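Have the model open and ready to rotate? Let's walk through it together, one spot after another.

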Amino acid sequence: MTKTIAVVGSCMIDSIVYSSRLPKPGETLLGSKYEQGFGGKGANQCVTAARLGASTIFITSLGSDKIGQSYLEKLKQENIDISYAKIQNNSHTGVAQIIVTETGENSIVIVQGSNALLSVKDVIDARQKIQSASVLLCQFETSLEPILEALTIYQGHGTSIVNGAPAVSNVDPNIFKLSDIFCVNETEAEIMTGIQCITISNAQKAIDKLFSLGCNTVIITFGAEGAVHATQNNKKLVHTSTEILKAVDTTGAGDAFLGALAYYITYHSNLSLEECIRRSNRIAAQSVLKAGTQTSLPYRKDLPIELF
Ligand code: ATP
């Protein structure tokens with residue numbers, strides 16, 4: 001096994017327009033600003049780990065458009081192994097069309113594009129690289145068949161982390177069973193467990209439900225309140241709080257948390273899970289201090305030495 005993190009997941013181009021309010025159906029509004037940025041949960045998590053100094057390989061699927069090519073260049077610049085990042089013929093790169101209002105409200109439409117074409121075969125082609133990684137990290141922004149395949153071929157090799165985002169109901173129970181760590185935020189936990197208004201005080205109920213669905217270790221993130229976790233051996237939840245920071249833009253905080261968690265499990269395997277979560281909270285907190293998604297993900301050189 002090599003100290004590498006294999007990420008199987010999505011790339012999206014975030015296309016963000018800013019306006020005073022959300023348009024009504026049929027209405028056209030004059031916006032104030034437009035930005036385009038590299039995003040997608042798979043890419044964001046992989047970039048976080050790479051910026052912390054991890055060796056990473058990214059199994060992903062990009063469009064045959066100009067954006068697909070520039071995304072490949074971007075991943076190369078981040079020192080990510082892209083030998084299994086595939087350009088799909090006759091498809092466009094995934095896109096997230098985002099409207100952000102002055103009050104911070106947003107509305108998002110995602111079109112998966114080439115992410116939907118990531119196939120079981122693409123994962124099988126990367127089998128050796130996946131099996132030799134210390135950590136396998138997956139999300140739900142591609143179709144789920146290749147994710148299940150990656151988890152299946154990785155079984156018995158290292159630590160698999162599944163970020164159940166965006167939330168999907170009726171997930172194949174094998175995905176829960178094959179994930180060593182299953183991580184969601186509180187809203188995703190609500191959708192996946194059917195329990196409403198999950199807070200830290202009733203999170204045990206959601207964790208127990210996720211255990212009953214087949215999960216092994218569960219982590220639920222709670223924004224500025226940090227995260228809770230529980231394991232099969234110690235089912236009572238542990239809350240790891242964090243320093244509350246005034247957020248400029250929380251987009252990507254969850255991805256920063258997951259990328260950091262994969263980094264700590266790979267490179268600081270002597271640390272307890274609780275300590276890995278405490279440090280991942282601190283990395284994720286850094287990402288809320290800047291606008292944008294990948295633009296806000298921190299670099300190791302800018303972080304306090306005690307985190308390493
Ligand atoms: P996103 O906004 O990217 O969708 P998310 O909803 O998936 O994020 P959150 O639970 O909001 O994920 O945040 C993930 C982690 O980021 C938290 O567990 C925490 O460590 C950190 N975090 C988020 N907001 C703050 C904040 N205001 N201050 C400090 N840490 C924060």
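To sort pocket residues by class, Ala, Val, Leu, Ile, Met, Phe, Trp, Tyr, Cys and Pro count as nonpolar, Asp, Glu, Lys and Arg as charged, and the others, Gly among them, as polar. Keep in mind that this is a predicted model.

With that sorting in hand, go to the second largest pocket, which holds about 190 Å³ of space. Strand E2 (12-19) and strand E3 (33-39) are the elements that each give two or more residues to its lining. E3 supplies the largest share, four residues. Along the wall you'll meet Asp14, Ile16, Glu35, Gln36, Gly37, Phe38, Arg51, Lys74, Gly292, Thr293, Gln294 and Thr295. Sorted by class, that makes two nonpolar, six polar and four charged residues.

Some of those charged residues have partners worth clicking on. As a general point, side chains of opposite charge can pair when their charged atoms come close. The whole structure has twelve salt bridges. Start with Glu35 from the pocket lining: its side chain meets that of Lys33 in a salt bridge, 3.5 Å from N to O. Glu35 counts as partly exposed because its relative accessible area is 32%, and Lys33, at 44%, is partly exposed too.

Now move to Arg51, another lining residue. The Arg51 side chain forms a salt bridge with Glu78, at 2.7 Å from N to O. Arg51 sits in helix H1 (residues 41-51) and Glu78 in the loop between helix H2 (66-77) and strand E5 (80-81), so this pair ties together parts that are 27 residues apart in sequence. Are these two buried or exposed? Both Arg51 and Glu78 are buried.

A further bridge joins Lys129 and Asp81, at 3.7 Å from N to O. Here the link is between distant parts of the chain, with Lys129 in helix H4 (residues 127-131) and Asp81 in strand E5, 48 residues apart. Lys129 is partly exposed, at 37% relative accessibility, and Asp81 is partly exposed as well, at 25%. Going back to Arg51, salt bridges with shared partners join Arg51, Lys74 and Glu78 into one network. Lys74, like Arg51, is on the list of pocket-lining residues.

Next, have a look at helix H5 (residues 144-154), where Pro146, Ile147, Leu148, Ala150, Leu151, Ile153 and Tyr154 are buried. What covers them? The cover includes strand E1 (2-8), helix H3 (120-125), H4, strand E9 (133-139), strand E10 (159-163) and helix H6 (173-178). H4 is the helix that carries Lys129. Just after H5, check the backbone at Gly156, which takes a positive phi of about 85°.

Last stop: the annotated residues. An unreviewed UniProt entry gives the annotation "binding site" to Asn185, Thr221, Phe222, Gly223, Ala224, Glu225, Gly226, Gly254, Asp255 and Asn281. Where does Ala224 lie? Ala224 is in the loop between strand E12 (217-221) and strand E13 (227-230). With 39% relative accessibility, Ala224 counts as partly exposed. Setting aside neighbours within four places in sequence, Ala224 is in contact with Thr242 and Ile244. Gly254, also in the UniProt annotation, is found in helix H9 (residues 253-267). Its relative accessibility is 36%, so Gly254 counts as partly exposed.

Key. Residues numbered from 1 in each chain as written. Predicted model: local features only at pLDDT ≥ 70, side-chain atom pairs only at ≥ 80, totals over all residues. Heavy atoms only, no water. UniProt positions renumbered as here; feature names shortened; annotations may be inferred. Buried < 20%, exposed > 50% of the residue type's maximum accessible area, 1.4 Å probe, protein only. Contact = heavy atoms within 4.5 Å. 1 Å grid on protein atoms, 1.4 Å probe; cavity = no way out; pocket = protein on both sides within 12 Å on 5 of 7 lines; lining within 4 Å. Points joined across faces, edges and corners; volume = space filled by probe spheres on them. Salt bridge = Lys/Arg side-chain N within 4 Å of Asp/Glu carboxyl O.
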